[in-house]
Amino acid sequence: MITTTKPAAPLGARRRTTGRPALRSRRPLRTWVITVAAYVIAAIFLVPYLEMLIMALRPNNELGLATILPKHWTFSNFTTLWSSGLGGSIGTSLEIAAGATVIVLLVALPAAYCTARRRFRGRGAFLLLVLSTQMFQPAAMLVGIQREFTNFGLPPTLSLIIVNAGFNLAFAVWILNAFFSSIPAELEEAAMVDGLGRVGALTRITLPLAAPGIVTALIFTFIAAWNEFLVALTLSLGQSPSQQPLTVAINNYIGEYSVDWGHLFAAGLVATVPVIILFAVIERRVVSGLTAGAVK
Amino acid sequence: MLALRRMAPALWLGPAIALIGVVVLWPVVVMVQSSFQQIGGEGFVAGYNGTTNYRNLFHEPDFVSVLLRTVVWVVVVVALTVLISLGLAQLFNQKFPGRQVTRWALIIPWAASVMMTALIFKWALDPNVGVINVILHHIGVVKHLGSDQADWLGNPTSALAWMMAVAIFVSLPFTTYAILSGLQGIPGDVYEAAAIDGATSWRSYLAVTLPLLRPAILVAALINVINVFNSFPIIWEMTRGGPGYETSTSTIYMIDLKQGDVGQAAAMSVFNFMLVIVIVVVYLGTTRWKEQVG
């Protein structure tokens, strides 16, 4: 049931095989319609986040005005953001995301390499175990996670690093497994014959060839941990705001009677724009990491 | 030496198994154990109380309606997501100038925190000044700003519809990309053969493309079912599951129970957990997963 898979070819690399290019040049109207439709849909996907920017640049005294655009524009939400301890929250989120990413790579690299290269008893069971973690999300076992990590008495940041690492392990194992499987073992053997040794073959041949997979796993884990909200909210309860992760800190702008929308969206942009740029880097490879386990 | 070689995989896989054990497996054990204990909102364990938590849970007046709503939530969101994604994938698989730029726009809801997206829509639906209401007011759909009609999130039916729309919105990028990668796996000569047989584009889509996309659709739908069932930020940010529990799904209901009665919340979690397993097993069975995908 569990076999190896090749990393997905970049989207578009084989587009000529799916479209009908011969027909297209003779039908300029069709190309026009497609282009316009695609741009309209792209705009629909962009607009909510543009609204976030518009709101962040709206002066606080215009929050009660029923207008689509503000009359005046201001950067004050961005400059006053830092006095509420947002810098500390960014630091906390960076710690959690970087920590989880390092752990995932340290743990997933050997597991993915071993399952890609060797056939042994328990290999299928292990891959199934990894797959099953993709099925059970933190929301489903929040009570267990909360009670377990509260009993451990670890600092919340460390607990969040471990939890985020655990729930993103599956993605990393699957995508790295796919990349390692696509690198012929003969290549490593040849390098070893040429005197590189096992370690040399791994670090000078295999890891560089698997670099796109490693980068994808790295960025994906980082973004997932950066964006994670439910466990962060649960485990960082009662911490001082500047020590809470960014997603939780942003929610602190929601008061019981009023919401500080200007700061909320300014902080939201700070939290969102970097991960969108990072995600664009791995865009084409993410799907294979998410679906490889289920397909194989 | 042979024994050492046999031990080797354990060393390579050990850290991964340990991590899964601590983060995924042990919480399940704690959760099941907690579901048979009497635990207050502060986490103080008063001792075992047998199946009381489960019996209390099944007798909650909102229990059945929350479950039914969860089913509707999952089915509607996943079905519409897959349907719309089929169209989007077809569109973004075409060649047109600036395709890469439009694809970057498409991934934004996927990359951004779902919590942020939910908050944007919560703001945009504000009855007095939310931008969606302002626009709807301009074009005459909303008669008066600040009226009940403009309070979309105050009415359970319209609130649920809007939250489903947001859930679909954030699920579209992944699903579209999964189907796009399925489309790329279809060799071009299949279409040429269909064209020679005189099939129109719509006929060849139904007869050729769709059956070949089946594995990609099945995988994407399954991943969406799990995600949407466990979805928390959208409903929590936009309505907190209210008024009452009228917009709660079982995940939101469990989190609300956790504030007051951890033991009963654990029972709800165990129930949700079983439900996910049942759904996945039934799904794998009815779709004949092994023949179609594996």
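Leaving aside neighbours within four places in sequence, with which residues is Leu235(A) in contact? The points below address this question and other features of the model, which is predicted.

1. Surroundings of Leu235(A). Leu235(A) belongs to helix 12 of chain A, which covers residues 230-235. Once neighbours within four places in sequence are set aside, its contacts are Gln146(A), Phe149(A), Pro156(A), Ser159(A) and Leu160(A). The residue has 25 other C-beta atoms within 10 Å, and it is buried because the cut-off for that class is 20 or more. In contrast to these contacts, the C-alpha atoms of Leu235(A) and Tyr39(A) are separated by 42 Å, with the two positions 196 residues apart along the chain counted as their separation.

2. Architecture of chain A. Chain A contains 14 helices and zero strands. Read from the N terminus, its elements follow the order α-α-α-α-α-α-α-α-α-α-α-α-α-α. Of its 296 residues, 47% are buried. Among contacts in chain A with a separation of 6 or more, 79% are between residues 24 or more positions apart.

3. Architecture of chain B. Chain B has 13 helices and two strands. Its C-alpha trace spans about 80 × 75 × 30 Å along the principal axes. Buried residues account for 44% of the 294 residues in chain B. When contacts between residues at least 6 apart in sequence are considered in chain B, 66% join residues at least 24 apart.

4. The largest nonpolar core. This core holds 166 residues, and the members that touch the most others are Ala108(A), Leu169(A), Val173(A) and Leu176(A). Helix 8 of chain A, residues 156-182, supplies the largest share of the core, namely 17 residues. Not counting residues up to four places away in sequence, Ala108(A) touches Leu169(A), Ala172(A), Val173(A), Leu176(A) and Ala217(A), together with Ala16(B) of the other chain.

5. Packing of helix 5 against helix 8 in chain A. The axes of these two helices lie 6 Å apart and make an angle of about 35 degrees. The crossing of helix 5 of chain A past helix 8 of chain A is right-handed. The residues of this contact comprise 20 nonpolar, eight polar and two charged.

6. The contact between the chains. Chain A contributes 84 residues to the contact and chain B contributes 82 residues. On the side of chain A that touches chain B, the elements giving two or more residues include helix 3 (28-56), helix 5 (86-117), helix 8 and helix 14 (261-295) of chain A. The residues on that side of chain A are 57 nonpolar, 17 polar and ten charged.

7. Helix 11 of chain A. This helix has 17 residues, and the distance from its first C-alpha to its last is 24 Å, close to the 24 Å expected at 1.5 Å a residue. Its buried residues include Gly213(A), Thr216(A), Ala217(A), Phe220(A), Trp226(A) and Asn227(A). Ala217(A) is also one of the residues touched by Ala108(A).

8. Helix 4 of chain B. The 13 residues of this helix, 99-111, should span 18 Å at 1.5 Å a residue, and the end C-alpha atoms are 19 Å apart, which agrees. Ten of the 13 residues are buried, so helix 4 of chain B is largely enclosed by the rest of the structure. Among the buried residues are Arg99(B), Thr102(B), Arg103(B), Pro109(B) and Trp110(B).

9. Gly153(A). This glycine lies in the loop between helix 7 and helix 8 of chain A. Gly153(A) has 7 other C-beta atoms within 10 Å and is exposed, because the class requires 12 or fewer. Gly153(A) and Gly255(A) are 102 residues apart in sequence, and their C-alpha atoms are 29 Å apart in space.

10. Backbone of Arg240(B). Most residues other than glycine have a negative phi. The phi of Arg240(B), however, is near 55 degrees, a positive value in a residue other than glycine. Arg240(B) lies in the loop between helix 10 (233-238) and helix 11 (250-260) of chain B. With 14 C-beta neighbours inside 10 Å, Arg240(B) counts as partly exposed, because this number falls between the limits of 12 or fewer for exposed and 20 or more for buried.

Technical notes
Residues numbered from 1 in each chain as written. Chains lettered and ligands numbered in written order. Predicted model: local features only at pLDDT ≥ 70, side-chain atom pairs only at ≥ 80, totals over all residues. Core = buried A, V, L, I, M, F, W, Y, C linked by C-beta atoms within 7 Å. Helix = DSSP H or I, 4+ residues; strand = E, 2+ residues; numbered from the N terminus. Contact = placed C-beta atoms within 7 Å. Nonpolar A, V, L, I, M, F, W, Y, C, P; charged D, E, K, R; others polar. Expected span 1.5 Å × (residues − 1). Axes fitted to C-alpha atoms, helices over the stretch in contact; angles between N-to-C directions. Left-handed = near helix turned anticlockwise from the far one by under 90°.
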